[in-house]
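Welcome! Take a moment to look over the sequence and the model shown here, and then we will walk through some of the features together.

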Amino acid sequence: MQIDILTLFPQVFPTFISSGILQRAIDRELITVNITNIRDYTHDKHHTVDDSPYGGGAGMVLKPEPIFEAVEAIKPDPADRHKVGEFPVILLTPQGRLFSQQIAQELSVYKHLVLICGHYEGVDERVRQHLATDEISIGDYVLIGGELAAMVVVEAVARLIPGVLGSAASPIDDSHANGLLEYPQYTRPQSYRDWDVPEVLLSGNHGEIARWRREQAIIRTWKRRPDLLDKANLNPAEKQFIKRLETEQAEPT
Ligand code: 6GU
């Protein structure tokens with residue numbers, strides 16, 4: 001996958017990209033990440049990227065021309081035959097659709113993604129209407145710019161690309177991937193400060209272990225994120241189990 005990030009702060013990306021799994025994915029040619037400075041696509045002496053809003057009001061608005069030209073200058077990977085306009089051009093903005101594991105999965109199938117980091121008080125509306133094909137927000141809070149959001153999207157998407165994580169199986173049990181939070185994990189030592197690893201995990205009984213993990217994932221989700229349970233794929237026995245948890249909570253013994 002080719003990922004192009006357009007930003008006014010290109011200097012914030014190299015450390016992020018060159019650490020750990022992302023760098024390994026780049027070395028293995030599973031992803032390429034190009035950072036473009038939007039300011040490089042200005043033509044005036046002062047490299048102006050923003051201006052005051054028509055109609056008045058506080059703050060500055062990012063001008064459309066440098067953003068359009070920066071996107072139009074993106075060179076698709078020669079290995080894929082996509083042209084500009086055939087890949088998602090995603091504007092990162094608090095007004096976008098709320099990012100989720102499902103959206104990460106949706107984006108992970110593309111050969112090419114373009115991420116535009118919004119900044120200041122806003123972006124000229126024509127960027128939304130005529131350039132961006134999608135708008136994404138990473139949560140209901142306001143950041144100064146879209147850079148952190150771009151990193152969040154890159155990391156969540158890249159790890160879903162086959163081969164990027166060491167073990168092909170590991171994204172399957174992820175919190176959220178199956179609609180439930182992940183079950184508790186333990187490693188050595190078996191006893192640490194008198195806190196013991198649950199017996200069942202030492203049993204070697206894979207059926208029992210799988211049952212325990214599924215139950216723990218359900219309990220954890222029920223306690224912490226009950227909103228997720230409606231969309232989780234629970235069988236009738238598991239739904240019954242949740243009813244029991246609810247009853248126990250209502251009438252503590
Ligand atoms: Cl994508 N950008 C900004 N500036 N703030 C945000 C956001 C994005 N997502 C949540 N808050």
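In which loop does L143 lie? L143 sits in the loop between β8 (134-137) and α6 (147-158). Please keep in mind that this is a predicted model.

**Around L143 and the ligand**

L143 has a relative accessibility of 34%, so it counts as partly exposed. Together with Y141 and L148, L143 makes a nonpolar surface patch of about 290 Å².

L143 is also one of the residues that surround the ligand; among the others are L92, T93, P94, I136, S137 and Y141. Polar atoms come into play here as well. A nitrogen atom of the ligand is 2.5 Å from a polar backbone atom of Y141, and a ligand nitrogen lies 3.0 Å from a polar backbone atom of L143. With S137 the partner is in the side chain: an N or O atom there is 3.3 Å from a nitrogen atom of the ligand. Taken alone, the ligand exposes 290 Å², and the protein buries 97% of that.

**The chain as a whole**

Stepping back, the protein chain has eight helices and 10 strands. Its C-alpha trace spans about 75 × 45 × 40 Å along the principal axes. The radius of gyration is 23 Å, whereas a compact globule of 253 residues would have one near 18 Å. Of the 253 residues in the chain, 41% are buried.

**Salt bridges**

Side chains of opposite charge can pair when their charged atoms come close. In this model the count comes to nine salt bridges. Here are some of them:

| Salt bridge | Closest N to O distance |
|---|---|
| D134 and R97 | 2.8 Å |
| R126 and D124 | 2.8 Å |
| R128 and E135 | 2.9 Å |

How many residues apart are D134 and R97? They are 37 residues apart, and the pair links distant parts of the chain, with D134 in strand β8 and R97 in strand β5 (residues 89-98). R97 and D134 also belong to a network of salt bridges that includes E106.

Are the partners buried or exposed? D134 counts as buried because its relative accessibility is 15%, under the 20% cut-off. R97 is partly exposed, with a relative accessible area of 33%. Turning to the second pair, D124 counts as buried at 15% relative accessibility, while R126 is partly exposed at 43%. In the third pair, R128 is buried, with a relative accessible area of 14%.

How values were computed: Residues are numbered from 1 along each chain as its sequence is written. This is a predicted model: local features need pLDDT of at least 70, side-chain atom pairs count only at pLDDT 80 or more; totals for chains, interfaces and linings use all residues. Side-chain values use heavy atoms; hydrogens and water are left out. Patches are made of residues with over 30% relative accessible area and no salt bridge: like charges are joined within 9 Å, nonpolar side chains (Val, Leu, Ile, Met, Phe, Trp, Tyr) within 5 Å. Accessible areas come from the Shrake-Rupley method with a 1.4 Å probe; for residues, only the protein chains shown count as cover. A salt bridge is a side-chain nitrogen of Lys or Arg within 4 Å of a carboxyl oxygen of Asp or Glu. Helices (H or I, at least four residues) and strands (E, at least two) are DSSP runs, numbered from the N terminus. Buried means under 20% relative accessible area, exposed over 50%, partly exposed in between (1.4 Å probe, protein chains only). A residue is near a molecule or strand if one of its heavy atoms lies within 4 Å of it. A polar contact is a pair of N or O atoms within 3.5 Å; within protein, one must be able to donate a hydrogen and the other to accept it, and residues adjacent in sequence count only if both atoms are side-chain atoms. The radius of gyration is taken over C-alpha atoms; the globule rule is 2.2 Å times the number of residues to the power 0.38.
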